Amino acid sequence: MNRVVITGFGAYSCLGRNVEEIKQSLYTGKSGIGFDPERKAMGFRSAYTGMLEKPNLKGMLDRRMRIGLAEQGEYAYLSTYEALQMAKMEQDFREANEVGILYGNDSSARATIEAIDKIREKQDTTLLGSGSVFQSMNSTVTMNLATIFKLKGINFTVSGACASGSHAIGMGYILIKHGWQQAVVCGGAQEVNPYAMGSFDALGTFSVREGDARLASRPFDKGRDGLVPSGGAATVIIESYEHAVKRGAPILAEIIGYGFSSNGGHISQPNVDGPVRAIEMSIKDAAIETGKIDYINAHATSTPVGDMYEAKALDTVFGASRPLISSTKSMTGHECWMAGASEIVYSLLMMQNSFVAPNINFENPDEDSAKLNIATKTTEKAINTFLSNSFGFGGTNSSLIVQKISN
Amino acid sequence: MNKEEVIKKVNQFMVEEFEVEEAKIKPDAILKDTLELDSLDYVDLVVVIENNFGFKVKGEDFIHINTFEDFYTYILEKVADKQLK
């Protein structure tokens, strides 16, 4: 079995356009949430969203490469560019070796809806242009990035609802661990626009808390009333340890455990058993005691029911060791398909800089969150090992464990 | 629309949409080579022509268009046809 290491990472989110900006936001507990008047005008229950600057890739990519990229693909291009730079994995190397890509993505709503609107208006499909199909497909991120970055290994998209990004990393980990791939670009991307979130808003799961948008996302807090949708993209470059050593890559951390499960129950309502099984599977895979986990980046999205079940699951597994826990969704909102990857990046930044980012807006615990050791403020702490949870519709669960590198 | 206007408009979208260097646009330059067109780019050329001149190009029409001059002439004829109708 191969050891699986992380040699580069990057992100583009409502906390910053690169990992340096994001590190500052995490440390200072800065919220990236704002109010979107377009959603209000469209009749959304909730107009809160993560606020991202639209990237301008003109000058970075030629026309052919740009026109196939949907919004989330643009974010993913930037996060992957940053990650590959950090990993010192240049194009010459990528063209000569089988580097794969597995990326989480579960919609491309804006591109799809805009195309259909145009067909209805013009009664003619040719006027969509050549980029539309490559923007609209669910595999839009992997098909574009594999082309742009000249990737020659495994190449497909992982769609696992709000656990997509985490499962993408988990799948890459399995492939490398078993020797089927030596290096894989993994990550998750999420479009940020009303079209992608209208049907989600319809379920009544978004926060409608009046007042300051920055206070709307409040995972584990007794007064939470729903999540805030958000997005962007995050990338991690993972490789076998031997491969990374051989090419002289910076070895930043090691993935030591991956666990997954399905609830086999309700389509949207989670439970305790499914997450517990995923967490326990990752711990078994990592072959460590629960007490070795220094920090948990919780999935907790700020919904009343979801956070309650995760709190119960965390207490079930970690009730004795009580590691520090925070949900960075308190600052980012729920980054959905991207979240499982971005929260690995956020946790890596904490590990590298020895702090735990705060679970902002956690003012009053409820019966279940009171049992957890939640970081309400930025906490200086050496993190040797962390666990990151991601759960999604349909009862899909994923847990990843990452450790500081030891030679 | 006269020829000068057609040339100005075509050259403008060649630079803005297809990112062709202005200096490379000459009447006798080969359209396909200058734009480095592949089969997907022709799809986009159809869209740009529709948006700028209001008519839809048939794929087979491109067979007879070799140089930029051919392209200007073709558009001028199509625009004139359209105006007559």
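Which residue just after α8(A) takes a positive phi? In this predicted model, that residue is Lys150(A), whose phi is about 55°. The helix that precedes Lys150(A), α8 of chain A, spans residues 140-148 and is mostly covered, with eight of its nine residues buried. Those buried positions are Thr140(A), Val141(A), Thr142(A), Met143(A), Asn144(A), Leu145(A), Ala146(A) and Ile148(A). Their packing partners in chain A are the helices α3 (63-67), α4 (71-86) and α7 (132-136), together with the strands β4 (99-104), β5 (155-158) and β6.

The view may now be widened to the division of the chain. The domain assignment splits chain A into domain 1 (4-246) and domain 2 (258-403). Taken over C-alpha atoms, the centres of the two domains of chain A are separated by 21 Å. Across the boundary, 63 residues of domain 1 of chain A are in contact with 58 residues of domain 2 of chain A. On the domain 1 side, β1 (4-13), α1, β3 (48-50), α9 (164-177), β6 (183-190) and β7 (232-240) of chain A each supply at least two of the touching residues. The largest share of that side, nine residues, belongs to α9(A). By class, the side of domain 1 of chain A that touches domain 2 of chain A is made up of 29 nonpolar, 27 polar and seven charged residues.

One helix pair deserves separate attention. General practice is to describe two packed helices by the angle between their axes and the distance between the axes. Helix α1 (residues 19-28) and helix α15 (residues 339-353), both of chain A, have axes that come within 10 Å and cross at roughly 75°. The helices α1(A) and α15(A) are therefore roughly perpendicular to each other. From α1(A), the residues Val19(A), Ile22(A), Lys23(A) and Leu26(A) meet Val345(A), Tyr346(A), Leu349(A), Met350(A) and Asn353(A) of α15(A). By class, this contact of α1(A) with α15(A) comprises seven nonpolar, one polar and one charged residues.

Helix α15(A) also leads into the interior. In soluble globular proteins, nonpolar side chains tend to be buried together. Here the largest nonpolar core has 110 residues, of which Val236(A), Ile238(A) and Val345(A) touch the most other members. The largest share of this core, nine residues, is contributed by α15(A). Both domain 1 (4-246) and domain 2 (258-403) of chain A are represented, each with at least three residues in this core. A second, separate core of nine residues has among its members Phe44(A), Ala216(A), Leu227(A) and Val228(A).

The surroundings of Val236(A) can be given residue by residue. With residues up to four places away in sequence left out, Val236(A) touches Ile6(A), Phe9(A), Ala83(A), Ile169(A), Cys186(A), Gly187(A), Ala341(A), Ile344(A) and Val345(A).

A further position to inspect is Gly392(A), which lies in strand β14 (residues 385-392) of chain A. Gly392(A) is buried because 25 other C-beta atoms lie within 10 Å. Leaving aside residues up to four places away in sequence, Gly392(A) touches Gly160(A), Ala161(A), Cys162(A) and Ala163(A). Gly392(A) and Ile101(A), 291 residues apart in sequence, are 22 Å apart in space, C-alpha to C-alpha.

Finally, chain A also meets a second chain. Six residues of chain A are in contact with eight residues of chain B. The side of chain A that touches chain B has, by class, one nonpolar, three polar and two charged residues.

Notes. Residues numbered from 1 in each chain as written. Chains lettered and ligands numbered in written order. Predicted model: local features only at pLDDT ≥ 70, side-chain atom pairs only at ≥ 80, totals over all residues. Contact = placed C-beta atoms within 7 Å. Nonpolar A, V, L, I, M, F, W, Y, C, P; charged D, E, K, R; others polar. Axes fitted to C-alpha atoms, helices over the stretch in contact; angles between N-to-C directions. Helix = DSSP H or I, 4+ residues; strand = E, 2+ residues; numbered from the N terminus. Parallel < 35°, antiparallel > 145°, perpendicular 65-115°, else oblique. Core = buried A, V, L, I, M, F, W, Y, C linked by C-beta atoms within 7 Å. Buried ≥ 20, exposed ≤ 12 C-beta atoms within 10 Å, placed from the backbone. Domains from an automatic or database assignment.
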